[in-house]
Amino acid sequence: METALVLDERGFTPVIFEEQSQLGGALLIAERGQHKQRIGAYVRYLRRRIEDAGITVHLNTAPQIADIEALAPCGVFVACGAAPYRPPVPGIAGPQVYTAEDVLLERAHPHGKVAIIGTGMTGLEAAEMLIGHGCRLTLVEMLTRVGPGMLPMVVDDIMGRVSAGEPRVLTGHRLDEIRADSVRLTRLADDTAETIPTDCVVLAAGVRPRSEVTDRFASALPHVYVIGDAAHGGRILDATQDAYGKASVFDGDGP
Ligand SMILES: Cc1cc2nc3c(=O)[nH]c(=O)nc-3n(C[C@H](O)[C@H](O)[C@H](O)COP(=O)(O)OP(=O)(O)OC[C@H]3O[C@@H](n4cnc5c(N)ncnc54)[C@H](O)[C@@H]3O)c2cc1C
């Protein structure tokens, strides 16, 4: 949306394709966390500006190369975001394995003993939600502290609420295998194996750019610019700055 707004202001005629039924992308998941209503307000603000600018939006549309070629665009900005990372361990495709995104969107309902793999913002927000649903949690983090990359005061704030559910916290542990009734971990400090009983597993081990989408466009079309999480998984500010920067210097020398 940011790219389209900047391009529109600069006199181009942007057209947005969005495969979902509404604009907002991962912000619609991010706003599910407690005290994050302002993210929802930001999405509504961007949508309003898109509407006011009269920018064409095709919802429920994942365009094919031919759809883009038909527009003969002078540039293509690919902002398809990132997908949850699934560590390549045995059992990862099990029916009791969910992503934190699915939990936050209430598309998945883990129960009982739940291991959350990863304690970044997404993992902690899923933890907060699951504590509220009465789950007994084990938080598994490969690094030596909970909330890597997060501001300590934000971690303290969320953990203050998560701690009410008395989760087991295993930092310095790597996920090695998911079984129907447990997860097998390695304690990295001394390389010992540990097995934790689980009913469900929630993956929150970060995101990876949707390179299958970006590669498809970049290999078939000229003047392709990959922006936001599709270029490098990050945060709202990173994605917005990237979008603003690339749209601001775009020279439109395409066809
Ligand atoms: C649970 C969670 C919590 C977060 N909390 C925060 C936070 O508190 N603060 C913060 O700064 N950041 C947070 N983030 C990160 C932030 O949401 C992202 O950095 C930001 O949304 C990236 O924007 P984007 O436009 O690059 O990608 P996205 O928001 O992922 O948007 C990509 C869009 O592309 C669409 N799409 C994908 N493929 C196609 C296709 N082939 N055709 C058409 N459309 C397609 C998708 O449907 C989606 O709407 C959070 C993320 C998550 C998942």
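Here is a walk through the ligand site of this structure, which is a predicted model.

Let's start with the ligand and what sits around it. Its shell holds 29 residues, and Glu-18, Ala-26, Lys-36, Asp-229 and Ile-236 are the closest of them. Sort that shell by residue class and you get 15 nonpolar, 7 polar and 7 charged residues.

Now zoom in on the backbone. A polar backbone atom of Ala-26 sits 2.8 Å from an oxygen atom of the ligand. Asp-229 also brings in a polar backbone atom, with 2.8 Å between that atom and a ligand oxygen. At Ile-236, a backbone N or O atom is 2.9 Å from an oxygen atom of the ligand. As for cover, the ligand on its own has 1,000 Å² of accessible area, and the protein covers 85% of that.

Where in the fold do the shell residues come from? Some of them belong to helices: α2 (27–30), α5 (100–104), α6 (121–132) and α9 (236–249) supply at least two residues each. Step back to the domains, and the ligand's position makes sense: it lies between domain 1 (2–82 + 208–249) and domain 2 (86–205), because both give residues to its shell.

Finally, have a look at the annotation. An unreviewed UniProt entry puts the feature "domain: FAD/NAD(P)-binding" at residues 76–240. In the model, the C-alpha atoms at the two ends of residues 76–240 are 17 Å apart, and this span is 26% helix and 32% strand.

Technical notes:
Residues numbered from 1 in each chain as written. Predicted model: local features only at pLDDT ≥ 70, side-chain atom pairs only at ≥ 80, totals over all residues. Heavy atoms only, no water. Near = heavy atom within 4 Å. Polar contact = N/O pair within 3.5 Å; in protein donor to acceptor, adjacent residues only side chain to side chain. Areas by Shrake-Rupley, 256 points an atom, 1.4 Å probe, with all protein chains shown as cover. Helix = DSSP H or I, 4+ residues; strand = E, 2+ residues; numbered from the N terminus. Nonpolar A, V, L, I, M, F, W, Y, C, P; charged D, E, K, R; others polar. Domains from an automatic or database assignment. UniProt positions renumbered as here; feature names shortened; annotations may be inferred.
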